[in-house]
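Open the model in your viewer and show it as a cartoon. The tour has two stops: a set of strands, then a pair of helices.

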Amino acid sequence: MGPVEVVLTDFERTLVRMFEDDGIEQRFAEEVLKNCAGRGVPEGVLKAAGGSPYSRWTRAHRWMLKHEQDRLATNRLYHAITRIAIVYEMEAAKSVKLFDGVYPVLEQLQFAGIPVVIVSNNATAAVELVLEKNDAKRLVDHVVGREFNDKMIGILKPKPNLVVTALKRAGHDAGTALLVGDSVDDMRAGRKAKIRRRVALLEHSTATKLQLRRAGAKRILRTFGELPDLPELRRVLHNADASAGR
Ligand SMILES: [Mg+2]
């Protein structure tokens with residue numbers, strides 16, 4: 001493998017915690033439950049998904065695909081939840097702070113000429129608002145997130161589509177990329193997109209080390225701030241420092 005030329009990173013629980021204020025997430029989860037139940041998804045299915053609005057959304061969509069003959073009704077549910085999600089994500093985005101250690105690493109990567117692409121299941125607009133509020137927009141080259149259109153149905157992570165799009169946007173192929181995320185879905189998406197360097201971050205993950213390893217994590221770190229410790233990055237970041245000092 002050659003040197004790392006591009007970093008693809010997840011957003012939620014990797015760079016930030018979108019719903020630090022539990023109140024927003026709870027209201028979001030309740031509205032998802034109400035809406036899905038109103039469209040015929042059994043409450044048991046929704047409650048079995050736990051408290052996360054996204055798991056409820058995924059479970060409901062999967063249930064509809066399996067049990068609902070009318071594909072349009074399934075798509076309508078998907079879009080209804082997308083509309084709900086963006087409201088709560090934008091509300092949360094106004095006050096979300098990047099995790100400690102994220103900003104300096106983004107600066108180091110930029111200094112070394114390594115583009116950073118955010119690959120997120122969150123709404124692109126919400127991710128961009130967070131970056132703007134944290135004065136970090138200039139440190140991120142592209143945001144590939146959830147858009148409001150038909151094409152998004154079923155292509156979010158763990159599917160590789162967003163990761164593949166991110167590589168294309170950055171103009172790099174999988175062999176030069178390093179993927180960072182906190183979830184099993186991130187690792188699966190990266191693996192399917194043929195990215196071999198896959199790093200999982202534990203601190204804010206809801207998965208265990210074992211689950212992340214099984215999903216394809218090659219390396220496990222605690223936080224994004226520890227990325228420069230990776231041998232494959234240390235070299236490129238160090239070279240950039242050295243040439244600047246000359
Ligand atoms: Mg995440």
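Keep in mind that this is a predicted model.

**Stop one: the strands**

Select residues 116-123, strand β2. Eight of its eight residues are buried, so β2 is largely enclosed by the rest of the structure.

Add strand β1, residues 6-9. β1 pairs with β2 in the parallel sense, over three bridges. Which residue of β2 stands opposite threonine 9? Show side chains there: the residue is isoleucine 118.

Now add strand β3, residues 142-146. Four bridges join β3 to β2, and these two strands also run parallel. To find one bridge pair, pick valine 119; its partner in β3 is valine 144.

Next, trace the chain out of β2. The path goes through helix α6, residues 124-133, and on to β3. This β-α-β crossover is right-handed.

**Stop two: the helices**

Hide the strands. Select helix α3, residues 53-67, and helix α4, residues 71-93. Their axes lie 9 Å apart, and the packing angle is about 170°. An angle over 145 degrees counts as roughly antiparallel, so that is how α3 lies to α4.

Show side chains along the contact. From α3, select Trp57, Ala60, His61, Met64 and Leu65. From α4, select Ala73, Thr74, Leu77, Tyr78 and Ile81, which the α3 residues meet.

Colour the contact by residue class. What is the make-up by class? Eight residues are nonpolar, two are polar and none is charged. His61 in α3 and Thr74 in α4 are the polar ones.

Conventions:
Residues are numbered from 1 along each chain as its sequence is written. This is a predicted model: local features need pLDDT of at least 70, side-chain atom pairs count only at pLDDT 80 or more; totals for chains, interfaces and linings use all residues. A residue is buried if 20 or more other C-beta atoms lie within 10 Å of its own, exposed if 12 or fewer, and partly exposed in between; C-beta atoms are placed from the backbone. Two strands pair if DSSP finds at least two bridges between them. A crossover is right-handed if, with the strands pointing away from the viewer, the path from the first strand over the helix to the second runs clockwise. Axes are lines fitted to C-alpha atoms, for helices over the stretch in contact, and angles run from 0 to 180 degrees between N-to-C directions. Angles under 35 degrees count as roughly parallel, over 145 as roughly antiparallel, 65 to 115 as roughly perpendicular and the rest as oblique. Two residues are in contact if their C-beta atoms, placed from the backbone, lie within 7 Å.
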